[in-house]
Amino acid sequence: AMTSACLTLLYEAACPIWPWDHFRERGLLVEAFPAAQLRLWDLPHVGYNGDSSDALSKRQVLIDFLSNRMHLGPYKEKMEKSADALDAVLCSFAAIAVTTNHWVETQEKWPLDEGLIAVYSKVSIDL
């Protein structure tokens, strides 16, 4: 049922979808997975959601990593309060990966029935 709902939404969006379509000026849909991005960067990728001291501590590590590499401006405070806000910023790296051609290549051991998720292949963030 979930797959059917997702496919229906994709169809109704009527937008180009990566990897079948390539970067255009606007409207390219790209699948992102924040935990995969964090795992590639060897950062805490689970347990950073919620208000526990452990979750807040992990979220702070992630925010420090990002703030040492890019200007977070007013979003830093929002990311400290919400893992959803942090995930939204992390998802932007999927778009960066696709538009700069710096995504992690599919590996042989990956399941064939999984979709292609865009993960930014660089550890340094050169924006």
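Start by selecting N101, just after helix α5, where the backbone takes a positive phi of about 60 degrees. Keep in mind that you are looking at a predicted model.

Now step back into α5 itself and select residues 83–99. Its 17 residues should span 24 Å at 1.5 Å a residue, and the end C-alpha atoms lie 25 Å apart, so expectation and model agree. At the start of the helix, show the side chain of S82: one of its oxygens comes to within 3.1 Å of the backbone nitrogen of D84.

Next, colour the buried residues of α5: A83, L86, V89, L90, F93, A94, I96, A97 and V98. What do they pack against? Bring up α2 (34–40), α3 (53–67) and α4 (75–81), and you have their partners. As you look along the helix, remember that an α-helix has 3.6 residues a turn, so residues three or four places apart point the same way.

Then turn to the rings. The model holds four aromatic pairs. Select W41 and F65: their ring centres are 5.1 Å apart and the planes meet at 40 degrees, so this pair is tilted. W41 sits in the loop between α2 and α3 while F65 belongs to helix α3, so the pair ties together parts 24 residues apart in sequence. Both W41 and F65 are buried.

Add F93 and Y120, whose ring centres are 5.9 Å apart with planes at 40 degrees, so this pair is tilted. Here F93 in helix α5 is linked to Y120 in the segment after α5, 27 residues away. F93 and Y120 are both buried.

Finally, show W41, F65, F93 and Y120 together: ring pairs link them into a cluster.

Terms used:
Residues are numbered from 1 along each chain as its sequence is written. This is a predicted model: local features need pLDDT of at least 70, side-chain atom pairs count only at pLDDT 80 or more; totals for chains, interfaces and linings use all residues. Side-chain values use heavy atoms; hydrogens and water are left out. Helices (H or I, at least four residues) and strands (E, at least two) are DSSP runs, numbered from the N terminus. The expected span of a helix is 1.5 Å times one less than its number of residues. Buried means under 20% relative accessible area, exposed over 50%, partly exposed in between (1.4 Å probe, protein chains only). Contact means heavy atoms within 4.5 Å. A polar contact is a pair of N or O atoms within 3.5 Å; within protein, one must be able to donate a hydrogen and the other to accept it, and residues adjacent in sequence count only if both atoms are side-chain atoms. Rings of Phe, Tyr and Trp (its six-membered ring) pair if their centres lie within 6.5 Å; planes under 30 degrees apart count as stacked, over 60 as edge-to-face and the rest as tilted.
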